[in-house]
Amino acid sequence: MPKVSLSTSIKHSFYTPNSLRRKNIWLVNLRWVSSLALSIFILGLFFLKLENYPYSALTSIVIVLVIFNSLLLFYLKKRKPKYLRTEENIVLAQIVIDYLILTVLTHFTGGIDSPFHLFYLFHIIIASVIFETKYLAFIIAAVAVGLMSMLVFMEYWQVLEHYSSGVKVYNLTDIALALAVFYVTIFVSTYIGATLMMRHKKVKNLIFAQNEELEKSEREKMLFFRFVSHELKSPIIAVQSAINVVLDVMDVKLKPQARDMLERGRKRTLQMIEILKDLVSLSYEEKDEKHEVEMVVPCEHIPEVVDYYRPSAVEKNINIIETVCKQHQGFQIDKFVFEKIITNLISNAVRYTPIGGKVTIKTDLDDKFWYLMVSDTGIGIPIEEQKHVFEEFYRASNAKIFEAVGTGLGLSIIRKIVEQENGEIFLKSKVGKGSTFTVRFPLK
Ligand code: ADP
């Protein structure tokens, strides 16, 4: 596998517009919680009768928070997320507006003495997590430090009033010390948060890049697989036609031994073609397989498929019983999918049923679903192996003895395509008694 270095050039955005929108809404929700907490805080101050606090200013802050949050939420709910850059700008705007409100709150609750100045840290963490580049987190840290310093010095120079709950000595040394601690806390937190997140984002980029490489090599492998299966099909079909021609033209002139050999050859080529068809189906990706959904009338399609398998059934003296044509109502389904399912189930039923057995094909309908049931009186599937028969390449132990040729792919393909059509497949089987495969599709 190609190596991908940590400094891979393939860059993947850590977020999509939708996921960033969820983060924006998450920030809005956090703000509701903060508004509630702040209201409780104001009520607490009121009941404690702490007179130094400007209640009307603090209440105005809550009102501003609530109005801003409501408008933002209205905008976020109304506009669908489209661009990553827009969502990033909304996060940035939220952080800056929060910082402005927080600075006002810090001012009215004591400036440098306010416990709220620790809240500047929250947005540093948010910025480190959200933004792709480290420098944005540092810019936000600088905004926090700038706003806080401006506030403190304006209070110190008495441009703004200094609110405090107690009598405090308010000199330059105290301010310098408090601010220094604040700066260190903010910048160190930014550094730690941003560095950790950068590492985390690099690992995620690496996983994305490796995943892309894996998908690419898987696609190439499948293309090769598909090419080989296609290429093998033509010579085998040519061999089959040649055998048919010899059998038809020479007919009675052939010695019984030669006829027997040719008949066996014909059977083997038929099996090979079926196997190659499975391999081709397997190598197709889901999107390649999409066909037009159309109205399918089981009554018209199932007999065609049954006729195709009748010769091999007759050869084994197997009686194929259809009860399909009693039901003329059609339903919407991809015709290709429909035929593939029936073909596979009938082919398996005939292959895994001994000489003289019976294969029954039934369809049914209720208010919600359309059902197809293919039953046989064949070898059955051991109970402990039943859950595995829908896995790729799995063949039950008794099937390998009874019928040497098989890929173990048919049922896995069937289950995949049935599920793609929102259907389900069920199996009921008893060793030595037979099996019933039921496919059920919702009526559209
Ligand atoms: P294949 O028939 O090529 O082996 P399938 O995927 O069609 O592959 O089937 C997987 C396995 O399921 C078979 O090998 C067999 O063991 C079991 N199986 C499928 N259909 C029947 C059946 N009608 N009766 C008994 N066993 C069956």
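This passage walks through the overall build, one pocket and two backbone oddities of a predicted model.

Starting with the overall picture, the chain folds into 12 helices and seven strands. The shape is a long way from a ball: for 444 residues, a compact globule would come out with a radius of gyration near 22 Å, yet the protein has 37 Å. The extents of the C-alpha trace fit that picture, at about 120 × 50 × 40 Å along the principal axes. Even so, 41% of the 444 residues count as buried. Contacts also reach well along the sequence; taking those with a separation of 6 or more, 73% join residues 24 or more positions apart. On the outside, the accessible surface adds up to about 25,300 Å², and carbon and sulfur atoms account for 64% of that area.

Next comes the second largest pocket, which holds about 440 Å³ of space. Its lining is made up of 18 residues, and the ones nearest the centre are Leu 30, Ser 34, Phe 119, Phe 122 and His 123. Helices feature heavily here: α1 (17-47), α2 (55-78), α3 (84-108) and α4 (120-130) each put at least two residues into the lining. Of these, α1 gives the largest share, with seven residues. As for chemistry, the lining of this pocket is mostly nonpolar, with 14 residues of that class set against two polar and two charged ones.

Finally, a couple of backbone angles are worth a look. Gln 158 is not a glycine, but its phi is positive all the same, at about 60°. This residue sits in the loop that links α5 (134-156) to α6 (172-250). The side of the story told by solvent is simple: Gln 158 has a relative accessible area of 68%, so it counts as exposed, the cut-off being over 50%. Phe 393 is another residue other than glycine with a positive phi, in this case near 70°. Its place is also in a loop, here the one running between β5 (369-376) and α11 (397-402).

Put together, the model is a protein of 12 helices and seven strands, with a radius of gyration of 37 Å where a compact globule would have one near 22 Å. Its second largest pocket has a lining with 14 nonpolar residues, and α1 supplies seven of the lining residues.

Definitions and conventions. Residues numbered from 1 in each chain as written. Predicted model: local features only at pLDDT ≥ 70, side-chain atom pairs only at ≥ 80, totals over all residues. Heavy atoms only, no water. Helix = DSSP H or I, 4+ residues; strand = E, 2+ residues; numbered from the N terminus. Buried < 20%, exposed > 50% of the residue type's maximum accessible area, 1.4 Å probe, protein only. 1 Å grid on protein atoms, 1.4 Å probe; cavity = no way out; pocket = protein on both sides within 12 Å on 5 of 7 lines; lining within 4 Å. Points joined across faces, edges and corners; volume = space filled by probe spheres on them. Nonpolar A, V, L, I, M, F, W, Y, C, P; charged D, E, K, R; others polar. Rg over C-alpha atoms; globule rule 2.2 N^0.38 Å. Contact = heavy atoms within 4.5 Å. Areas by Shrake-Rupley, 256 points an atom, 1.4 Å probe, with all protein chains shown as cover.
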